[in-house]
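User: I would like to learn how to read some local features of a protein model. Could the discussion proceed one feature at a time?

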Amino acid sequence: MAGKRTMTLNRTGAEMDVLEDLSRRKELTKTAVIRQALRLCQVVDVRLAAGEKLFFEDEPAKKKAEVVVI
């Protein structure tokens with residue numbers, strides 16, 4: 001990894017609440033949650049660009065829903 005760089009993020013109260021909740025539930029630092037979110041976003045972007053689709057599936061209910069990412 002190249003040298004680390006610092007970035008300041010200004011978030012709304014609601015966004016910070018979500019970040020703090022995810023951090024607590026996943027037992028990760030807020031920085032780790034953001035890193036994980038960026039990796040997920042990158043994977044989704046690459047796969048969508050390759051023509052794949054993103055779905056959520058509820059097997060017990062026999063439901064599938066396509067996720068539209070803009």
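**Reading backbone angles and charged pairs**

Analyst: Lys62 lies in the loop between strand 1 (54-58) and strand 2 (63-67). Please keep in mind throughout that this is a predicted model.

User: What is the phi of Lys62?

Analyst: The phi of Lys62 is positive, at about 55°, although Lys62 is not a glycine. With a relative accessible area of 74%, Lys62 is exposed, because exposed means over 50%.

User: Where is Glu27 found?

Analyst: Glu27 is found in the loop between helix 1 (13-26) and helix 2 (30-49). Its phi is near 55°, a positive value in a residue other than glycine.

User: Is Glu27 buried or exposed?

Analyst: Glu27 counts as exposed, its relative accessibility being 73%.

User: Let us turn to charged side chains. When can side chains of opposite charge pair?

Analyst: The general idea is that side chains of opposite charge can pair when their charged atoms come close. For a salt bridge, a side-chain nitrogen of Lys or Arg must be within 4 Å of a carboxyl oxygen of Asp or Glu.

User: How many salt bridges does the count come to by this rule?

Analyst: The count comes to three salt bridges. One of them joins Arg25 to Asp21, with the closest N and O atoms 3.0 Å apart.

User: How are Arg25 and Asp21 placed in helix 1?

Analyst: These two residues are four residues apart in helix 1, so about one helical turn separates Arg25 and Asp21. As for accessibility, Arg25 counts as exposed at 57%, whereas Asp21 is partly exposed, with a relative accessible area of 29%.

User: With which residue does Arg11 form a salt bridge?

Analyst: The partner of Arg11 is Glu15, and the closest N and O atoms of this salt bridge are 3.1 Å apart. Arg11 counts as partly exposed at 45% relative accessibility, and Glu15 counts as partly exposed at 36%.

User: What is the N to O distance in the salt bridge of Arg47 and Glu52?

Analyst: The side chains of Arg47 and Glu52 meet at 2.7 Å, N to O. Arg47 has a relative accessibility of 47% and counts as partly exposed. Glu52 also counts as partly exposed, at 35% relative accessibility.

User: May I restate the reading of the two loop residues? Glu27 has a positive phi near 55° and counts as exposed; Lys62 has a positive phi of about 55° and is exposed.

Analyst: That reading is correct for Glu27 and for Lys62.

Note on methods: Residues are numbered from 1 along each chain as its sequence is written. This is a predicted model: local features need pLDDT of at least 70, side-chain atom pairs count only at pLDDT 80 or more; totals for chains, interfaces and linings use all residues. Side-chain values use heavy atoms; hydrogens and water are left out. Buried means under 20% relative accessible area, exposed over 50%, partly exposed in between (1.4 Å probe, protein chains only).
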